[in-house]
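The exercises below are meant to be worked with the sequence and the coordinates side by side. Each one sets a task and then goes through a solution step by step.

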Amino acid sequence: MSDNREQLKQAVQLALDGEWDASHQIAQDYSDVTSNWIHAVLHKIEGDEWNSKYWYQKTRGKRYEDFTDATAELQAIAVHLKN
């Protein structure tokens, strides 16, 4: 993972706090797998399924259907960022 880990942790926390736009601004600044995963979840939260699935295609194996609860998925991303 690149050196954007702290920024991505912040993006996840902002999303968990309901700050979708601020989280989205961070996620769209990067193009690695994890930022793409965050980006996908944010569009899932927004209700934009097509755009969300587009970003999931850039995550190397994550799928829109993997999580039905966006909060649980964001928490999974947070755990991933700790490793």
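## Exercise 1: a residue of helix 5

Ala72 is found in helix 5. Taking this predicted model as the starting point, determine whether Ala72 is buried, partly exposed or exposed, and how far apart Ala72 and Leu16 are in sequence and in space.

Solution. Begin with the accessibility: Ala72 has a relative accessibility of 29%, and since buried means under 20% and exposed over 50%, Ala72 counts as partly exposed. Then turn to the pair with Leu16, where a separation of 56 residues in sequence goes with a distance of 9.7 Å between the C-alpha atoms.

## Exercise 2: the overall fold

Describe the secondary structure of the protein and its order along the sequence, and then say how its radius of gyration relates to the globule rule.

Solution. The protein has five helices and zero strands, and reading along the sequence gives the pattern α-α-α-α-α. The radius of gyration is 11 Å, close to the 12 Å that the globule rule gives for 83 residues, so the protein is as compact as a globular protein of that length. Along the principal axes, the C-alpha atoms fill a box of roughly 30 × 25 × 20 Å. Among the contacts with a separation of 6 or more, 49% are accounted for by residues 24 or more positions apart.

The solution is completed by burial and surface: 39% of the 83 residues count as buried, while the protein exposes about 4900 Å², of which carbon and sulfur atoms supply 45%. As for charge, there are 9 positive and 14 negative side chains, and the centres of these two sets lie 9 Å apart.

## Exercise 3: two residues of one loop

Compare the settings of Thr59 and Arg60, beginning with where Thr59 is found and where Arg60 lies.

Solution. Thr59 is found in the loop between helix 4 (49-56) and helix 5 (70-82), and Arg60 lies in the loop between helix 4 and helix 5. Thr59 has a relative accessible area of 2% and is therefore buried, whereas Arg60, at 77% relative accessibility, counts as exposed.

Next, consider the side chain of Thr59: one of its polar atoms lies 2.6 Å from the backbone oxygen of Tyr56, and a polar atom of this side chain lies 3.2 Å from the backbone nitrogen of Lys62. When residues up to four places away in sequence are not counted, Thr59 touches Val33, Asn36 and Trp37. For Arg60, the backbone adds a further point, in that its phi is near 55°, a positive value in a residue other than glycine.

## Exercise 4: a serine and a glycine

Establish the surroundings of Ser23, and then decide whether Gly47 is buried or exposed.

Solution. Ser23 is found in helix 2 (residues 20-27), and its relative accessible area is 0%, so Ser23 is buried. A polar atom of the Ser23 side chain lies 2.7 Å from the backbone oxygen of Ala11. With neighbours within four places in sequence left aside, Ser23 is in contact with Ala11, Val12, Leu14, Ala15, Ile38 and Leu42.

Gly47, by contrast, lies in the loop between helix 3 (33-46) and helix 4, and with a relative accessible area of 60% Gly47 is exposed. As a last step, take the pair of Gly47 and Gln75, which are 28 residues apart in sequence and 19 Å apart in space, C-alpha to C-alpha.

How values were computed:
Residues are numbered from 1 along each chain as its sequence is written. This is a predicted model: local features need pLDDT of at least 70, side-chain atom pairs count only at pLDDT 80 or more; totals for chains, interfaces and linings use all residues. Side-chain values use heavy atoms; hydrogens and water are left out. Helices (H or I, at least four residues) and strands (E, at least two) are DSSP runs, numbered from the N terminus. The radius of gyration is taken over C-alpha atoms; the globule rule is 2.2 Å times the number of residues to the power 0.38. Buried means under 20% relative accessible area, exposed over 50%, partly exposed in between (1.4 Å probe, protein chains only). Contact means heavy atoms within 4.5 Å. Accessible areas come from the Shrake-Rupley method with a 1.4 Å probe; for residues, only the protein chains shown count as cover. Lys and Arg count as positive and Asp and Glu as negative; His and the chain ends are not counted. The place of a charge is taken as NZ of Lys, CZ of Arg, CG of Asp or CD of Glu. A polar contact is a pair of N or O atoms within 3.5 Å; within protein, one must be able to donate a hydrogen and the other to accept it, and residues adjacent in sequence count only if both atoms are side-chain atoms.
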